[in-house]
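Open the model in your viewer and keep the selection panel at hand. We will walk from one stop to the next, choosing a few residues each time and looking at what is around them.

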Amino acid sequence: MEKRILTARFGKIDPLSIDDYIKNGGYEALEAAVKMESDTIIDEIETAKLRGRGGAAFPTFIKLKALVGEKEKTRYIVCNADEGEPGNFKDRHLMENDPHQMIEGMIISAYTTKAKKGYIYIRGEYDHSIAVVREALAQAREKGYLGKNILGAGFDFDIEIRSGAGAYVCGEEFALIESIEGKSGRSRPKPPFPTTAGVFMKPTMLNNVETFANIPHILEMGGKAYAKIGTESSKGTKLISLSGNIANRGVFEVPFGVSVKDAIAKLGRGVADGRKLKMVQLSGASGPILPPEKIDVPIDFDHDIGAGAIIVMDERTDVVDILLRHAEFFEHESCGKCTPCREGNLHLVRLLRKVQAGSATADDLRVMENLADVMINVSLCGLGQSAPIPLATALDGFGDQIRDRLAQTETKENA
Amino acid sequence: MSVLQNILKQNPKSEDYLIETLLSLQDAKDEPCISEEEIADIAEYYGISPTRVSSVASFYTLLSLRPRGKHVVQVCRDVPCYLNGSENILEAVKEALGCDIGETTADGLFTLEETSCLGNCDGSPSVRIGKKTYENLDSQKVKEIISGYREAK
Ligand SMILES: Cc1cc2nc3c(=O)[nH]c(=O)nc-3n(C[C@H](O)[C@H](O)[C@H](O)COP(=O)(O)O)c2cc1C
Ligand code: SF4
């Protein structure tokens with residue numbers, strides 16, 4: 001069931017040794033890339049149908065093409081290693097077990113787009129990831145994979161680490177860009193997109209750790225062979241993060257198309273302690289909450305897999321408790337720039353507390369549904385747009401359990 | 001040269017390094033927080049307003065304008081840890097420290113905070129103390145870890 005491409009070297013190489021990486025095929029893709037035309041590299045990535053692994057599933061070749069097409073010659077490559085969405089930890093595993101493939105993907109992207117500078121934005125809590133990547137960059141520099149005239153191919157590129165400082169919203173691309181510029185992480189309206197006006201308002205290609213890590217493998221096996229893995233809409237493999245009440249928590253790499261149900265049963269070895277499954281949440285705090293009868297869906301971009309989190313919750317879990325915790329998370333993490341998200345999350349927390357306390361009315365529930373609608377439709381960035389998704393989906397799958405809490409209230413009030 | 005001056009010199013003199021500077025400064029201090037005076041000095045160095053510095057420092061949860069204990073203890077409050085018993089962990093931490101969320105112990109050694117997901121859900125429940133993340137915790141382990149910090153002081 002597993003297909004290990006990005007995780008193939010996990011446990012076999014010393015992540016702090018670039019020689020180990022090179023002995024196991026590392027930097028061969030870069031060696032090949034610098035003998036290729038930029039357009040050919042972009043074609044391979046287009047043929048591979050590589051889509052972003054950070055949640056938005058955007059085709060990567062379009063970003064590369066956009067950067068190449070810009071008049072402005074100062075360009076940036078940015079790696080998003082902020083990974084703050086609850087339930088996601090696969091980028092940490094990528095950085096701590098095999099950091100060079102992400103770096104190699106960034107260097108190939110820089111060669112392709114003639115960018116001279118890159119940033120890896122790593123969340124501040126990932127102390128160990130930061131240390132490993134810092135050492136990996138130093139070794140890459142020493143070997144001439146970073147710096148001036150890389151591999152004698154006449155191009156310069158270097159990468160700097162920027163540390164996050166505890167703000168989930170900084171995973172959003174424009175908030176991250178603002179943070180790199182030394183500001184509070186608040187999103188910007190789009191367009192213009194980062195490929196036109198990103199870091200310091202210059203063209204910027206911003207991608208997830210896993211997306212960059214795929215690039216060397218695509219060049220090695222060829223776009224065509226890569227596109228044979230996975231499903232029609234989603235090519236290649238996906239790293240999934242299994243957490244919650246599951247027997248075997250961890251990161252696993254599967255070809256797109258494996259079902260969520262099978263991943264939980266076989267890789268996760270089912271619900272922990274032999275308990276019964278109550279619900280599964282995909283993608284993280286901002287993803288859909290599904291009842292057991294709805295988890296026989298493929299892991300792919302058409303089924304809300306996001307960055308790959310699968311959170312398993314057993315029969316003891318109360319759906320309202322979970323919704324409230326998520327709402328409190330979003331309320332705390334909202335950057336406060338736009339009203340629907342700032343105020344909406346405040347109200348959702350307040351109303352969910354009422355539901356939890358058993359004092360909410362059917363009217364409160366209607367207000368929540370309307371709020372969710374407004375937030376999804378008019379929030380400025382993805383944080384506000386996706387914060388109400390767990391609520392909206394839980395009302396579908398567990399509406400009765402939520403409404404039961406209200407019905408009891410009304411009986412109490414009438415009595 | 002003062003600690004702050006040394007840190008400022010580590011990076012180019014460009015305001016995009018503001019967050020890096022603030023983080024390094026906090027790490028270098030016995031008590032992880034940024035003072036009014038430091039804000040003024042940093043603002044002057046980068047040629048920006050003190051308000052810009054303090055608004056950045058208050059935006060990010062790893063930065064603090066409020067004095068904190070030597071060890072900041074952060075207990076994860078998000079769902080993956082919650083499903084694995086983080087509420088008991090929070091209680092155990094409170095008991096071991098003898099203080100509540102947002103408070104600092106009388107000896108100034110610890111400040112207790114809650115945190116959003118630490119990205120360590122395969123080792124939940126998790127707690128971060130200073131720059132170290134502890135995983136697969138239970139109440140007993142919490143006690144031992146906190147005692148360890150007390151003894152090491
Ligand atoms: C609130 C919020 C948080 C996000 N956090 C992350 C993150 O931690 N890592 C990530 O790669 N993408 C994150 N994203 C998605 C990014 O905005 C962006 O789409 C992605 O990094 C692009 O890279 P990709 O095309 O390789 O996926 C987040 C989006 C939002 C709205
Ligand atoms: S949606 Fe929320 S996080 Fe995004 S800009 Fe608006 S307030 Fe900020």
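Begin with N88(A): a polar atom of its side chain sits 3.2 Å from the backbone oxygen of S283(A). That is a polar contact, meaning a pair of N or O atoms within 3.5 Å, where within protein one must be able to donate a hydrogen and the other to accept it, and residues adjacent in sequence count only if both atoms are side-chain atoms.

Before going further, a note on what you are viewing: this is a predicted model, in which local features need pLDDT of at least 70, side-chain atom pairs count only at pLDDT 80 or more, and totals for chains, interfaces and linings use all residues. Residues are numbered from 1 along each chain as its sequence is written, chains are lettered from A and ligands numbered from 1 in the order in which they are written, and side-chain values use heavy atoms, with hydrogens and water left out.

**Around N88(A)**

Stay on N88(A), which belongs to the loop between β1 (76-81) and α5 (90-97) of chain A. Helices (H or I, at least four residues) and strands (E, at least two) are DSSP runs, numbered from the N terminus. N88(A) counts as buried because its relative accessibility is 1%; buried means under 20% relative accessible area, exposed over 50%, and partly exposed in between (1.4 Å probe, protein chains only). Now show its contacts (heavy atoms within 4.5 Å). Leaving aside neighbours within four places in sequence, they include Y126(A), S241(A) and A307(A), and also G119(B) and C121(B) from chain B.

**The domains of chain A**

Zoom out and colour chain A by domain: domain 1 (18-227), domain 2 (237-314) and domain 3 (319-414). These bounds come from an automatic or database domain assignment. Taken over C-alpha atoms, the centres of domain 1 and domain 2 of chain A are 27 Å apart. Where they meet, 17 residues of domain 1 of chain A are in contact with 19 residues of domain 2 of chain A.

**Ligand 1**

Next, select ligand 1. Which residues are closest to it? They are G54(A), E83(A), N207(A), N208(A) and T211(A), among the 19 residues that surround the ligand, with one of their heavy atoms within 4 Å of it. Turn on distances from the ligand's oxygen atoms to polar backbone atoms: you should find 2.7 Å to G54(A), 3.1 Å to E173(A) and 3.3 Å to R53(A). The protein covers 89% of the 610 Å² of accessible area that ligand 1 has on its own, with areas from the Shrake-Rupley method with a 1.4 Å probe; for residues, only the protein chains shown count as cover.

**Helix α8(A)**

Move to helix α8 (residues 173-180) of chain A, where seven of the eight residues are buried. Among them are F174(A), L176(A), I177(A) and I180(A). Show what the buried residues pack against: β1, β2 (117-122), β3 and β4 (204-208) of chain A, together with α2 (18-28) of chain B. At the start of the helix, a side-chain oxygen of E172(A) comes to within 3.0 Å of the backbone nitrogen of F174(A). Just after the helix, look for G182(A), with a positive phi of about 85 degrees.

**Salt bridges**

There are 41 salt bridges over all chains, each a side-chain nitrogen of Lys or Arg within 4 Å of a carboxyl oxygen of Asp or Glu. Select K238(A) and E210(A), whose closest N and O atoms are 2.6 Å apart. The pair links strand β5 (residues 237-244) to helix α9 (residues 209-221) of chain A, 28 residues apart. Is K238(A) buried or exposed? K238(A) is buried, at 0% relative accessibility, and E210(A) is buried at 0% too.

Then cross between chains with R77(B) and E328(A), a salt bridge of 2.6 Å, N to O. R77(B) lies in the loop between β1 (71-76) and α5 (79-82) of chain B and E328(A) in helix α12 (residues 319-333) of chain A, so the pair joins two chains. Add R53(A), K90(A) and D91(A) to your K238(A) and E210(A) selection: salt bridges that share partners join these five into one network.

**Last stop: R128(B)**

Finish in strand β3 (residues 127-129) of chain B, at R128(B). Its relative accessible area is 5%, so R128(B) is buried. Its side chain makes a polar contact of 2.9 Å with the side chain of D127(A).
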